[in-house]
Amino acid sequence: MKSIYLLGAAGSIGLQTLEVLKENPGSYQVIGLSLGSNHEINHEILDTFQPKIACLRTESHLKAYQEAYPTIRFVFGDEGLLDVADYNEPGLFVNALSGSAGLMPTVVAIMSGKDIALANKETLVMAGDTIKKLIKTYDVKLYPIDSEHSALWQTLRGEDPKAIDKLVITASGGSFRHLNRTQLKNVTVKDALKHPNWSMGDKITIDSATMMNKGLEVIEAHHLFDMPYEKIETVLHDESVVHGLTYFIDGTIKASLSISDMKIPIQYALFYPERRPYDKSLKLTNLSFKPMDFVRFPLLKLAYEVGKAGGIMPTVMNAANEAAVHLFLKENISFLEIEQIVMNTVKMHQLIEDPSIEEIIETDKKVQSHIRKIYEKR
Ligand code: MG
């Protein structure tokens, strides 16, 4: 019986996590979760999973929820997320929040001794060094849910780190992969949200189209697998069948393949080290691989530079990107302006080495609100 916490339960990864749980009845208990803004979905989640603690987005409907579910303790807002993370019962803490809001709950969950299954890549991008120190200090486990990192984790299982030559992460190229940079000028939000292979939330779907997602994943892999940036490569792979490859010093390559379904990496993290039955329908057909194009995708190049610079810079890049994607989704800026905003913000910002969690949170807020202020007014 696994005890599960789930932040972002009503989001894309959250709902898929709940589906995996439902498909494995009798093997879990949901202790705590955080809900979204759709009440119908929230009620369905609460009726089905009956958690002990649940976090609402805002205080506005607190009374109604308390009356409908008297046995559940309700909390709300950012503070409420921390209450769930701090809840006094051991368990696996699945963080499926989107964006920088995911950082502090991860920190608090680690400090209260919970193992972490991380779908929120921003946590490691912003504060990878700190998170790794905390993981050691509090002796908890950290499992990736991102498909590429799950693939690498699986290829690395049982291997000596000294035998690794390099890690390779694949990239589908996202919704505009067949367009050149001139053609990107007038693309719309609606087109950007049509990912060719994966079903995911809005932010990550836009990040896939700008290749920022792959940049965040390179930084995530650096922290998860203790790998220098020189030994993490990316490759274009249209089909999203091979998710990650590990090259070993003897010339052997181990790759992890599956259909592009997030429930596979979710289930692997939830029940690790056990494998559970799921979809075995993958048929091998022609697979294509192309070298990464850093001119077409300048944000990926930037992410390597920012990752190597370290300190506060990944936080700055992540914050600028989060604000810019938000503005693009609201149709305040064009698609290509996402890149400009992220690149200019990074260029203007000064490096702070070894920032504290407080400095990281403050920088994230400052950078995001500064960008929003400028472009929301236009
Ligand atoms: Mg991924």
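**Figure 1. L92 of β5 stands opposite D115 in β6.** The model is predicted. Strands β5 and β6 run parallel and share four bridges. A right-handed β-α-β unit is made by β5, helix α5 (residues 103-111) and β6. Both faces of β5 are covered. L92 and V94 lie on one side, F93 and N95 on the other, and all are buried. In a regular strand, side chains point alternately to one face of the sheet and the other.

**Figure 2. Seven strands form an open sheet with parallel pairing.** The strand order is β4-β3-β2-β1-β5-β6-β7. The edges are β4 (73-76) and β7 (142-144), each of which pairs on one side only. On average, neighbouring strands of this sheet are turned by 25° against each other, direction ignored. Helix α4 (residues 77-85) packs on the sheet. Its contacts there are with β1, β2, β3 (53-56), β4 and β5 (92-95). The direction of α4 makes about 135° with that of β4. Helix α6 also packs on the sheet, where β5, β6 and β7 are touched. The direction of α6 makes about 150° with that of β7.

**Figure 3. Strand β1 pairs with β2 and with β5.** Strand β1 (residues 2-7) runs parallel to β2 (residues 28-34), and five bridges join the two. S3 has Q29 as its bridge partner in β2. L6 has L33 as its bridge partner in β2. The pairing of β1 with β5 is also parallel, over four bridges. Here the bridge partner of L6 is V94 of β5. L6 thus appears in both pairings, with L33 in β2 and with V94 in β5. V94 is one of the buried residues of β5. Strands β1 and β2, with helix α1 (residues 12-22), make a right-handed β-α-β unit.

**Figure 4. N120 sits in the loop between β6 (115-118) and α6 (121-138).** N120 counts as buried because its relative accessibility is 0%, and the cut-off for buried is under 20%. A polar atom of the N120 side chain lies 2.8 Å from the backbone oxygen of G99. G99 is also among the contacts of N120 beyond four places in sequence. The others in that set are N95, L97, S98, G102 and L103. Of these, N95 is a buried residue of β5. L103 belongs to helix α5, which spans residues 103-111.

**Figure 5. Three acidic side chains are the protein donors of the magnesium ion.** The donors are D146 (OD), E148 (OE) and E217 (OE). They lie 2.1 to 2.2 Å from the ion. Their spacing in sequence is D-x1-E-x68-E. E148 lies in helix α7 (residues 147-156) and E217 in helix α10 (residues 212-224), so the pair ties together parts that are 69 residues apart in sequence. E148 is buried, at a relative accessible area of 7%. E217 counts as buried too, at 1% relative accessibility.

**Figure 6. Q50 has a positive phi although it is not a glycine.** The phi of Q50 is about 40°. Q50 lies in the loop between α2 (39-49) and β3. With a relative accessible area of 43%, Q50 is partly exposed. The strand that follows this loop, β3, is one of the seven in the open sheet. β3 is also among the strands touched by helix α4.

**Figure 7. S240 is another non-glycine residue with a positive phi.** Its phi is about 50°. S240 is found in the loop between β9 (232-236) and β10 (242-248). S240 is buried, with a relative accessible area of 4%.

**Figure 8. A cis peptide bond joins Y272 and P273.** Omega is about 5° at this bond. P273 lies in the loop between α11 (263-271) and β12 (290-291).

Technical notes. Residues are numbered from 1 along each chain as its sequence is written. This is a predicted model: local features need pLDDT of at least 70, side-chain atom pairs count only at pLDDT 80 or more; totals for chains, interfaces and linings use all residues. Side-chain values use heavy atoms; hydrogens and water are left out. Buried means under 20% relative accessible area, exposed over 50%, partly exposed in between (1.4 Å probe, protein chains only). A polar contact is a pair of N or O atoms within 3.5 Å; within protein, one must be able to donate a hydrogen and the other to accept it, and residues adjacent in sequence count only if both atoms are side-chain atoms. Contact means heavy atoms within 4.5 Å. Donors are N, O and S atoms within 2.8 Å of the metal (3.2 Å for Na, K and Ca); water is not among the atoms, so sites may look incomplete. Two strands pair if DSSP finds at least two bridges between them. Axes are lines fitted to C-alpha atoms, for helices over the stretch in contact, and angles run from 0 to 180 degrees between N-to-C directions. A crossover is right-handed if, with the strands pointing away from the viewer, the path from the first strand over the helix to the second runs clockwise.
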